[in-house]
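Colleague: Before the individual features are discussed, I should like to go through this model by question and answer. Please let each reply close on the value or name requested.

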Amino acid sequence: MLTAKYRTEQLKLSEQIEQRETRLSQSEADVNNTQKWIDLIGKYSAIDELTAPLLNELIDKILVHEARRDENGKKIWDIEIYYRFVGMIE
């Protein structure tokens, strides 16, 4: 009886350890990516002009959604910009 409870508790604790290690790894990756972003954007603290090399270095992808019309009939496009290392910033 105690052995079964002990095994159950051990399995539970092993699962918790695995979940926490996974979260820790993700957190470390997030910190690493954030530091990479800070280093990258630090090079461009005073941007005077948008150039192709600058955009290629800073931006991972740009998504332009299908156009829709507002209540006045004007076309509106939703645009999402995903930056390198940090993703989309809202």
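Colleague: What percentage of the 90 residues in the protein chain is buried?
Modeller: The model is a predicted one. A residue counts as buried when its relative accessible area is under 20%. Applied to the 90 residues of the protein chain, this cut-off gives a buried share of 6%.

Colleague: What radius of gyration does the protein chain have, beside that of a compact globule of 90 residues?
Modeller: The C-alpha trace spans about 70 × 40 × 15 Å along its principal axes. For a compact globule of 90 residues, a radius of gyration near 12 Å would be expected. The protein chain, by contrast, has 23 Å.

Colleague: How much area does the protein chain expose, and what share do carbon and sulfur atoms supply?
Modeller: The exposed area of the protein chain is about 8000 Å². Of this area, the part supplied by carbon and sulfur atoms is 52%.

Colleague: In what pattern do the helices and strands follow one another along the sequence?
Modeller: The protein chain contains 2 helices and 5 strands. Read along the sequence, their pattern is α-α-β-β-β-β-β.

Colleague: Which residues make up the largest nonpolar core?
Modeller: In soluble globular proteins, nonpolar side chains tend to be buried together. Here the largest nonpolar core has 5 residues. Helix 1 (2-42) and helix 2 (52-58) each supply at least two residues of this core. Its members are W37, L40, L54, L58 and I59.

Colleague: With which residues is L58 in contact, leaving aside its neighbours within four places in sequence?
Modeller: L58 is itself a member of the largest nonpolar core, as are W37 and L40. Both of these appear among the contacts of L58. The full list is W37, L40, I41, Y44, Y83 and R84.

Colleague: Which strands stand at the edges of the open sheet?
Modeller: The open sheet has 3 strands in the order 1-4-5, with antiparallel pairing. Two of its strands each have a single partner strand, so one side of each is left without a neighbour in the sheet. These edge strands are strand 1 (59-64) and strand 5 (87-88).

Colleague: Which residue in strand 4 stands opposite I59?
Modeller: Strand 1 and strand 4 (residues 79-83) run antiparallel and are joined by 5 bridges. I59 also belongs to the largest nonpolar core. Its opposite residue in strand 4 is Y83.

Colleague: Which side chains meet in a salt bridge, and what is the N to O distance?
Modeller: The count comes to 1 salt bridge, formed by R68 and D78. The pair links distant parts of the chain, 10 residues apart, with R68 in strand 2 (residues 68-69) and D78 in the loop between strand 3 (75-76) and strand 4. R68 is partly exposed at a relative accessible area of 42%, and D78 is partly exposed at 34%. The side chains of R68 and D78 meet at an N to O distance of 3.2 Å.

Colleague: Which residue has a positive phi although it is not a glycine?
Modeller: The residue lies in the loop between strand 4 and strand 5. Its relative accessibility is 30%, so it counts as partly exposed. Its phi is about 75°, and the residue is F85.

Colleague: How far apart in space are N33 and W77, C-alpha to C-alpha?
Modeller: N33 is found in helix 1 and counts as partly exposed at 25% relative accessibility. N33 and W77 are 44 residues apart in sequence. Their C-alpha to C-alpha separation in space is 29 Å.

Conventions
Residues numbered from 1 in each chain as written. Predicted model: local features only at pLDDT ≥ 70, side-chain atom pairs only at ≥ 80, totals over all residues. Heavy atoms only, no water. Pairing = 2+ DSSP bridges. Helix = DSSP H or I, 4+ residues; strand = E, 2+ residues; numbered from the N terminus. Salt bridge = Lys/Arg side-chain N within 4 Å of Asp/Glu carboxyl O. Buried < 20%, exposed > 50% of the residue type's maximum accessible area, 1.4 Å probe, protein only. Rg over C-alpha atoms; globule rule 2.2 N^0.38 Å. Areas by Shrake-Rupley, 256 points an atom, 1.4 Å probe, with all protein chains shown as cover. Core = buried A, V, L, I, M, F, W, Y, C linked by side-chain atoms within 4.5 Å. Contact = heavy atoms within 4.5 Å.
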